[in-house]
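Biologist: I am new to this model. Please take a close look at how strands are paired in one sheet, and then set that part beside the rest.

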Amino acid sequence: MELLKNFIDGQYVAPLSGLYLDNIEPATGQIYSQLPDSDENDVTLAVKAAESALSAWRVMPIEQRAEILFNIAVEIERQLEPLANAEAKDNGKPISLARSVDIPRAASNFKFFAHASSQFSSESHAMADQAINYTLRLPVGIVGCISPWNLPLYLFTWKIAPALAAGNCVIAKPSEITPYTAYLLGKICQDAGLPNGVLNILHGKGASVGAAICEHPKIKAISFTGGSNTGAAIAAQVAPKFKKLSLELGGKNPALIFADCDFDNTVEQLVKASFTNQGQICLCASRIYIERSIYDKFKMAFVKKVKQLVPNDPMIEDTKLGAIVSKPHFDKILSYIDLAKQEGAQILTGGHSVQGDNRCAQGYFIMPTVIEGISNSARCNQEEVFGPMVSMQPFDTDEQALELANESQYGLASTLWTQDLARAHRLSEAINTGIVWVNCWLLRDLRTPFGGMNQSGVGREGGLEAMRFFTEPKNVCIKY
Ligand code: NAD
């Protein structure tokens, strides 16, 4: 049985407690490795390493720091195949998706923030009475980055790269459900020339090592992506400690489909928006609102296409839908499908689990599920399922569509499907989500602000927003 290790001070080390957790391959339901069950003592060790590394890293010339980040990106690209394999095995996502999206994006994160470090600037404000202000943007110091299981290396590096680019040392924790590619990242960073102690990767449970990262007085900022309840617990924990906090949380994303949409393209894109990564992307559509005049036509075309999606072994090249990430999450999704039935839903397709073939007989597979016939306030339309299940509802006017979309505690992402430019602009402004895609989905420019409102989070990642989060502004006023 392979034992994963923490990465502290440039070395792979066992957890001080000697305790490990099982790591399960979702496609088979079998334990295939174990990860450290780290605790506050491992955090103390990692913080000591980060403290020793900080003074040199924060003043390293930008070109040199950027070159190291580029080297990491190049190394990730060089290891595309083993990393994609590891990600598909660990998470259950189709290997084609890991190869075309997750791993390339992890490399892009490092490249993008290598550039960003050299382009980052701050303000200067001249005053009338012979004085000038300039704002320094200094590294925060030691920061904590905590990430979820759905896009493991992709989201882990989305936090680590800007934190390093801004001159911080990092204590990072991947999800205990998908630790493997984060484990591999340690060696990649070492080979790329990252000085020891600049990035420390700790594995284990949120309640132990995650909470210890949030608690440690020398960790000055926490960047967290995960569920809204966890975000609330972290906010309550760190607020009295006055740490900087960035929260990227859950969603219940609406898609608004108008009669004038480009029909075939919308059907095709929306199937992707609903079921990519088994619906386990925080940006996936889950509430689909369709203008009544095309409701039946759209529903039939959508369901027909969804029926072609059959979950299969993620390691097979042409698999489009893989396994659900874990048994507890599999049970949670099935419980929501049961709840939908109790809430009066008609199941248009799916609605059940399915047994995998051969080595996947004990894996966690759920048929992509489309429902209709529940009210907008039903729990299945209000609570985040985070799996392959979407619900459909008709609407009659733009105002009604907007009202339905905005009736949510969340506010992460929305999609609008229309050829009417004025409507697209009007609704984009009025809809309560941090991200709006018009006639597209998941088209990402890393310079743009990324994040949600309401229960979907506080603050934004991406581009300058991330560089600002990971720096402390200090104003200097000079009278001359
Ligand atoms: P989660 O909240 O259970 O865990 C996320 C991470 O936080 C894990 O590493 C976990 O170990 C850690 N953690 C748990 N409790 C902690 C605590 N008390 N203190 C510190 N760390 C703790 O989320 P998950 O199940 O891994 O991920 C799914 C959720 O993430 C969904 O709600 C999804 O919408 C959300 N998500 C949001 C975004 C976004 O950008 N807004 C992106 C991806 C996923």
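Modeller: Two strands are taken to pair if DSSP finds at least two bridges between them. The elements themselves are DSSP runs, numbered from the N terminus: helices are H or I with at least four residues, strands are E with at least two. This is a predicted model, in which local features need pLDDT of at least 70 and side-chain atom pairs count only at pLDDT 80 or more, while totals for chains, interfaces and linings use all residues. Residues are numbered from 1 along each chain as its sequence is written, and side-chain values use heavy atoms, with hydrogens and water left out.

The part to look at is an open sheet of three strands in the order β1-β5-β4, with mixed pairing. Strands β1 (2-3) and β4 (20-25) are at its edges with a single partner each, so one side of each has no neighbour in the sheet. Six bridges pair β4 with β5 (residues 30-36) in the antiparallel sense. In this pair, I24 stands opposite I31 of β5, and N23 has S33 of β5 as its bridge partner. The hairpin of β4 and β5 has four residues between the strands, and G29 takes a positive phi near 75° there. On the other side, β1 and β5 pair in the parallel sense over two bridges. There, E2 has S33 in β5 as its bridge partner.

Another open sheet has seven strands in the order β15-β16-β17-β14-β13-β18-β19, and its pairing is also mixed. The edges are β15 (346-349) and β19 (435-438); each has a single partner strand, so one side of each lacks a neighbour in the sheet. From one strand to the next, the twist averages 25°; angles run from 0 to 180 degrees between N-to-C directions, and axes are lines fitted to C-alpha atoms, for helices over the stretch in contact. Strands β13 (residues 253-257) and β14 (residues 285-291) run parallel and are joined by five bridges. One bridge partner in β14 is Y289, which faces L256. Helix α10 (residues 295-307) packs on this sheet and touches β13, β14, β15, β16 (369-372) and β17 (389-395), its direction making about 165° with that of β17. Contact here means heavy atoms within 4.5 Å.

Helices also pack on each other. The axes of α3 (residues 80-91) and α6 (residues 180-191) come within 8 Å and cross at roughly 155°. The two are therefore roughly antiparallel; angles over 145 degrees count as such, those under 35 as roughly parallel, 65 to 115 as roughly perpendicular, and the rest as oblique. From α3, L83, A86, E87 and D90 meet Y180, T181, L184 and I188 of α6.

The ligand is surrounded by 29 residues, and the closest are S147, E176, T230, L249 and E384; a residue counts as near if one of its heavy atoms lies within 4 Å. An N or O atom in the side chain of E384 is 2.6 Å from an oxygen atom of the ligand. Backbone N or O atoms also approach ligand oxygens, at 2.9 Å for G227 and at 3.3 Å for G226.

How values were computed: Polar contact = N/O pair within 3.5 Å; in protein donor to acceptor, adjacent residues only side chain to side chain.
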